[in-house]
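Q: I'm new to this structure and would like a close look at a single part of it. Please pick one stretch, follow it along, and then show me what else is there.

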Amino acid sequence: MLSSLGNPRQAATQIMNFGLILSTAFMMWKGLSVITNSPSPIVVVLSGSMEPAFQRGDLLVLWNRNLFSETNVGEIVVYNVKGKDIPIVHRVVRKFGAGFVGPYRSNGYGGDNIGTDKAPRPEAKLLTKGDNNAADDTELYARGQDYLNRKDIVGSVVGYMPFVGYVTIMLSEHPWLKTVMLGIMGLVVVLQRE
């Protein structure tokens with residue numbers, strides 16, 4: 001079993017294979033981030049605040065490219081609070097302002113010369129709330145923040161897989177499991193026969 005440790009060429013091949021697997025996973029993650037325009041295109045629901053829509057441990061797929069319209073009331077979004085690293089999954093319950101910036105008529109009167117410039121409009125302000133929560137999220141926002149701006153949103157939920165993310169929750173709640181899993185993966189790579 002440990003004979004592969006005696007052969008440096010085979011050990012190097014196994015280490016290279018392990019490195020290729022890790023780099024491929026990283027490239028797929030970054031590619032998905034570029035396609036969805038989201039720094040975190042897949043997130044795990046960490047609490048029960050969105051029950052019954054989403055349960056703790058559900059894996060959510062996000063999309064952050066609003067090409068034709070802005071985020072609307074009723075959409076489930078994931079946002080980050082300034083100064084905190086935990087993404088929050090909640091529903092937009094109120095929207096203040098249009099927020100969508102589109103083409104406008106450059107003469108201002110709707111004449112024949114339609115410009116390709118963008119009309120400067122105030123950014124929409126969004127208020128969110130968990131479906132299972134009694135109050136809105138103003139207490140969760142950063143100090144002095146009464147609403148979310150579009151830049152605070154990581155993405156809108158476009159799909160989910162029930163309970164698939166529960167492994168992530170277990171690894172977060174029990175850090176020793178990370179060490180055990182990394183040790184097992186390392187042993188498998190070292191002891192693997194070709």
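**A helix, its pocket and a sheet**

A: Let's begin where a helix stops: just after α2, N37 takes a positive phi of about 60 degrees. Keep in mind that this is a predicted model.

Now step back into the helix itself. α2 covers residues 8-36. How far apart should its ends be? At 1.5 Å a residue, its 29 residues should span 42 Å, and the end C-alpha atoms are indeed 42 Å apart, so expectation and model agree. The buried residues of this helix are A11, Q14, S33 and T36. As background, an α-helix has 3.6 residues a turn, so residues three or four places apart point the same way.

α2 also helps to form the largest pocket, where it gives the largest share of the lining, 7 residues. That pocket has a volume of about 420 Å³. Its lining includes F18, I21, L22, A25, M28, W29 and L32, along with L171, K178, M181, L182 and M185. α4 (176-191) is the other helix to look for here, since α2 and α4 each supply at least two lining residues. What kinds of residues are these? By type, the lining splits into 11 nonpolar, no polar and 1 charged.

Leaving the helix, let's turn to the sheet. Here 6 strands form an open sheet, in the order β1-β2-β8-β3-β4-β7, with antiparallel pairing. β1 (42-44) and β7 (125-129) stand at the edges with a single partner strand each, so one side of each has no neighbour in the sheet. On average, neighbouring strands are turned by 50 degrees against each other, direction ignored.

You can walk in from the β1 edge. β1 is joined by 3 bridges to β2 (residues 59-63), and the two run antiparallel. Along this pairing, I42 stands opposite V61 in β2. On the next step, 5 bridges link β2 with β8 (residues 153-161), again antiparallel, and here L62 faces V157 in β8. Further along the sheet, β3 (residues 76-79) and β4 (residues 88-96) run antiparallel and share 4 bridges; in this pair, Y79 stands opposite I88. In general, strands of a sheet pair through backbone hydrogen bonds, either parallel or antiparallel. It also helps to know that in a regular strand the side chains alternate between the two faces of the sheet.

Methods:
Residues are numbered from 1 along each chain as its sequence is written. This is a predicted model: local features need pLDDT of at least 70, side-chain atom pairs count only at pLDDT 80 or more; totals for chains, interfaces and linings use all residues. Side-chain values use heavy atoms; hydrogens and water are left out. On a 1 Å grid over the protein atoms alone, a cavity is a set of points where a 1.4 Å probe fits but cannot get out, and a pocket is an open set with protein on both sides within 12 Å along at least five of seven lines; lining residues have an atom within 4 Å of a point. Grid points are joined across faces, edges and corners, and a volume is the space filled by probe spheres set on the points. Ala, Val, Leu, Ile, Met, Phe, Trp, Tyr, Cys and Pro count as nonpolar, Asp, Glu, Lys and Arg as charged, and the others, Gly among them, as polar. Two strands pair if DSSP finds at least two bridges between them. Axes are lines fitted to C-alpha atoms, for helices over the stretch in contact, and angles run from 0 to 180 degrees between N-to-C directions. The expected span of a helix is 1.5 Å times one less than its number of residues. Buried means under 20% relative accessible area, exposed over 50%, partly exposed in between (1.4 Å probe, protein chains only).
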